[in-house]
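Hi,

Here is the structure I promised to pass on. Have a look at it first, and then read my notes below.

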Amino acid sequence: MVSVRRAVIAASIAAGSPLIAQSAAITESASAFSFTMNGAEMTVTRSGPSCPSSCIQPMTAAAGVETLGELEVIGFLQKFVSTGSGLLVDVRMPGTFSSGSVPGAVNVPVATFLPDNPYRADLLSALGVVNPESSPSFAGAFSLVIFGSGPDDGAARDAIQHLLGAGYPANKIKYYRGGASTWSALGLNISVGQ
């Protein structure tokens, strides 16, 4: 994801076009949204990072998966992470994670969750799943909060979809849509080298 953004930035610089002024799609299927207010047509557009690599994500990652704000993430850290029953999972690439993340987060890149990853059963075991390859039991599995770069990063939603596809219960997964960028934008501290 980071390399894609760097490539977009490099291409924009090479082309001599400013990044901020560029029009970008909002979702994969819409570059603008229009509505009428008091008889006047209004339009919502976006400039900045291009979509599909940086599409704005919906608030709901999947049915049954709760979306959290920052105070709820802090509560999760205090209630679940501190007692060893939960994990805050940053799905960004290791290089990005190592430059700073939400305190208490562990790094599990989104590609690790893919069904064709030969080590996915090991990952599920590490998450507390018993017999992940034959007849998985999720009774003792960790509660998880999954996040990525921010509201325009689909990696966290992808990881959640892959976990659900492996049978991980939706009630044991939570989605922090704001991600690392919103955490930092709110002035909350980040932890480096955790």
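Before the notes, one cut-off you will need: a residue is called exposed when its relative accessible area is over 50%, buried when that area is under 20%, and partly exposed in between. Keep in mind too that this is a predicted model.

Let's use that cut-off straight away on Asn38. Its relative accessible area is 78%, so Asn38 counts as exposed. You can find Asn38 in the loop that links strand 1 (33-37) to strand 2 (40-44). The backbone is worth a look here as well, as Asn38 has a positive phi of about 50° without being a glycine.

Another asparagine does something along those lines. Asn131 is not a glycine either, and its phi is positive, near 55°. Asn131 sits in the loop between helix 4 (120-126) and strand 6 (143-147). With a relative accessible area of 42%, Asn131 is partly exposed.

Now for the overall picture. The protein has 194 residues, and 38% of them count as buried. There are 6 helices and 7 strands, and along the sequence they come in the order α-β-β-β-α-β-α-β-α-β-α-β-α. If you take the contacts with a separation of 6 or more, 62% are between residues 24 or more positions apart. The accessible surface is about 10100 Å², and carbon and sulfur atoms make up 60% of it.

Next, try helix 5, which runs over residues 155-165. Which of its residues are buried? They are Ala155, Ala156, Ala159, Ile160 and Leu163. Looking down the helix axis, you will see these buried residues within an arc of 140°, so they line one face of helix 5. It helps to remember that an α-helix has 3.6 residues a turn, so residues three or four places apart point the same way. Helix 4, strand 6 and strand 7 (173-175) are among the elements that cover the buried residues of helix 5. Just after helix 5 comes Gly167, which has a positive phi of about 100°.

That brings us to the inside of the protein. The largest nonpolar core has 24 residues, and those that touch the most other members are Val91, Phe113, Ile146, Ile160, Leu163 and Tyr168. Two or more residues each come from helix 4, strand 6, helix 5 and strand 7. Helix 5 gives the most, with 5 residues.

Ile146 is a good place to zoom in. Not counting neighbours within four places in sequence, Ile146 has contacts that include Val89 and Val91, then Ala156, Ala159, Ile160 and Leu163, and also Ile173 and Tyr175. There is also a second, separate core of 13 residues, with Val73, Phe97, Phe147 and Ala180 among them.

Finally, go back to the surface. What makes up the nonpolar patch there? Phe33, Phe35, Met37, Met42 and Val44 form it, and together they have about 430 Å² of accessible area. Strand 1 and strand 2 each give two or more residues to the patch, and strand 1 has the largest share, with 3 residues. Met42 belongs to strand 2. Its relative accessibility is 33%, so by the cut-off above Met42 is partly exposed.

Happy exploring!

Terms used
Residues are numbered from 1 along each chain as its sequence is written. This is a predicted model: local features need pLDDT of at least 70, side-chain atom pairs count only at pLDDT 80 or more; totals for chains, interfaces and linings use all residues. Side-chain values use heavy atoms; hydrogens and water are left out. Helices (H or I, at least four residues) and strands (E, at least two) are DSSP runs, numbered from the N terminus. Buried means under 20% relative accessible area, exposed over 50%, partly exposed in between (1.4 Å probe, protein chains only). The arc is that of the directions from the helix axis to the C-beta atoms. Contact means heavy atoms within 4.5 Å. Accessible areas come from the Shrake-Rupley method with a 1.4 Å probe; for residues, only the protein chains shown count as cover. A nonpolar core is a set of buried Ala, Val, Leu, Ile, Met, Phe, Trp, Tyr and Cys residues joined through side-chain atoms within 4.5 Å. Patches are made of residues with over 30% relative accessible area and no salt bridge: like charges are joined within 9 Å, nonpolar side chains (Val, Leu, Ile, Met, Phe, Trp, Tyr) within 5 Å. A salt bridge is a side-chain nitrogen of Lys or Arg within 4 Å of a carboxyl oxygen of Asp or Glu.
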